[in-house]
Amino acid sequence: MAVLTVFSLLVLPACGNGWGGNDPDPGVADIRSEFLAAVNRARAVKQMCGNTPYRPAPPVSWSGALATAAYLHSKDMVRKKFASHTGSDGSSAGERISRQGYPWRTYGENIAFGNPTVSSVIQGWLVSERHCRNLMNPAFTEIGAGYFIGPFGGNPAARYWTLDLADR
């Protein structure tokens, strides 16, 4: 019985389908609620994305599949020492999202490096025209975010952030 319990604790969490609460931890589960709330606060008010005004956008919901895709991209960037929307295997965000079983119709991705908190990364994206447009795009109905810690700009423990936004 003890062997079965240990097997269940070690193997079954790895069998999650990425649709719900099977977020990688840390790097997703510890930011999930705060990140979702911060994005929805940003979307709830008018924003200026560069010179373009955006009306408030409907709130988004959390997707475990998008969070897993985001987390794995952040991890890939740290482990392979690069910073790009293109994965080390040449993959696009859409391909990485599809690998997690998410049947997207449209998607977007924001990445950032070195921001220590959820608040600071969201604020950084809001002052960047392209990133702000993704945050405010009403076509996106779900998000998932993740980070992985690695060296950046002289900080040996910086966060590499990825936010994937999509709609089914």
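1. A good place to start is the cysteine chemistry: the structure holds one disulfide. The bond joins Cys49 to Cys132, with the sulfur atoms 2.1 Å apart. Cys49 sits in strand 1 (residues 47–49) and Cys132 in helix 6 (residues 129–136), so the link ties together parts of the chain that are 83 residues apart in sequence. Please keep in mind throughout that this is a predicted model.

2. Two further details on that pair may be handy at the bench. The torsion about the S-S bond is -55 degrees, which makes the link of Cys49 and Cys132 left-handed. Are the two cysteines buried or exposed? Both Cys49 and Cys132 are buried.

3. Now for the overall layout. The protein chain has six helices and six strands. Following the sequence, their order is α-α-β-β-β-α-α-β-α-α-β-β. Of the 168 residues in the protein chain, 43% count as buried. If you take the contacts between residues at least 6 apart in sequence, 70% of them join residues at least 24 apart.

4. Helices 2, 5 and 6 deserve a look together. Two packed helices are described by the angle between their axes and the distance between the axes. Let us begin with helix 2 (residues 32–43) and helix 5 (residues 118–126): their axes come within 10 Å and cross at roughly 30 degrees. Angles under 35 degrees count as roughly parallel, and helix 2 and helix 5 are therefore roughly parallel to each other. The crossing of helix 2 past helix 5 is right-handed.

5. Which residues make up this contact between helix 2 and helix 5? From helix 2 come Glu34, Phe35, Ala38, Val39 and Ala42, and they meet Val118, Ser119, Val121, Ile122, Trp125 and Leu126 of helix 5. By class, the contact of helix 2 with helix 5 has nine nonpolar residues, one polar and one charged.

6. Helix 5 also packs against helix 6, at an angle of about 110 degrees and with the axes 6 Å apart. Since 65 to 115 degrees is the range for roughly perpendicular, helix 5 is roughly perpendicular to helix 6. On the helix 5 side the contact uses Ile122, Trp125 and Leu126, which meet His131, Cys132 and Leu135 in helix 6. The residues of this contact of helix 5 with helix 6 divide into five nonpolar, one polar and no charged. You will recognise Cys132 here as the disulfide partner of Cys49.

7. The remaining pairing in this group is helix 2 with helix 6. These two pack at an angle of about 95 degrees, and their axes are 9 Å apart. That makes helix 2 roughly perpendicular to helix 6. Val39, Ala42 and Arg43 of helix 2 meet Asn134, Leu135 and Met136 of helix 6. Sorted by class, the contact of helix 2 with helix 6 has four nonpolar residues, one polar and one charged. Val39 and Ala42 of helix 2 also appear in the contact with helix 5, and Leu135 of helix 6 is among the residues that meet helix 5.

8. Next, the loop between helix 3 and helix 4, where Lys81 lies. Lys81 has a positive phi of about 55 degrees although it is not a glycine. Is Lys81 buried or exposed? Its relative accessible area is 72%, and over 50% counts as exposed, so Lys81 is exposed.

9. Ser88 is found in the loop between helix 3 (64–80) and helix 4. With a relative accessible area of 41%, Ser88 is partly exposed. Setting aside its neighbours within four places in sequence, Ser88 is in contact with Asp76, Lys80 and Phe82. For Asp76, which is 12 residues from Ser88 along the chain, the C-alpha separation is 6.9 Å.

10. Finally, a proline to check on your display. Pro103 lies in the loop between helix 4 (93–99) and strand 4 (106–113). Pro103 is partly exposed, with a relative accessible area of 47%. How many residues apart in sequence are Pro103 and Asp167? They are 64 residues apart in sequence, and their C-alpha atoms are 8.3 Å apart in space.

Notes:
Residues numbered from 1 in each chain as written. Predicted model: local features only at pLDDT ≥ 70, side-chain atom pairs only at ≥ 80, totals over all residues. Heavy atoms only, no water. Axes fitted to C-alpha atoms, helices over the stretch in contact; angles between N-to-C directions. Helix = DSSP H or I, 4+ residues; strand = E, 2+ residues; numbered from the N terminus. Parallel < 35°, antiparallel > 145°, perpendicular 65-115°, else oblique. Left-handed = near helix turned anticlockwise from the far one by under 90°. Contact = heavy atoms within 4.5 Å. Nonpolar A, V, L, I, M, F, W, Y, C, P; charged D, E, K, R; others polar. Buried < 20%, exposed > 50% of the residue type's maximum accessible area, 1.4 Å probe, protein only. Disulfide = S-S within 2.5 Å.
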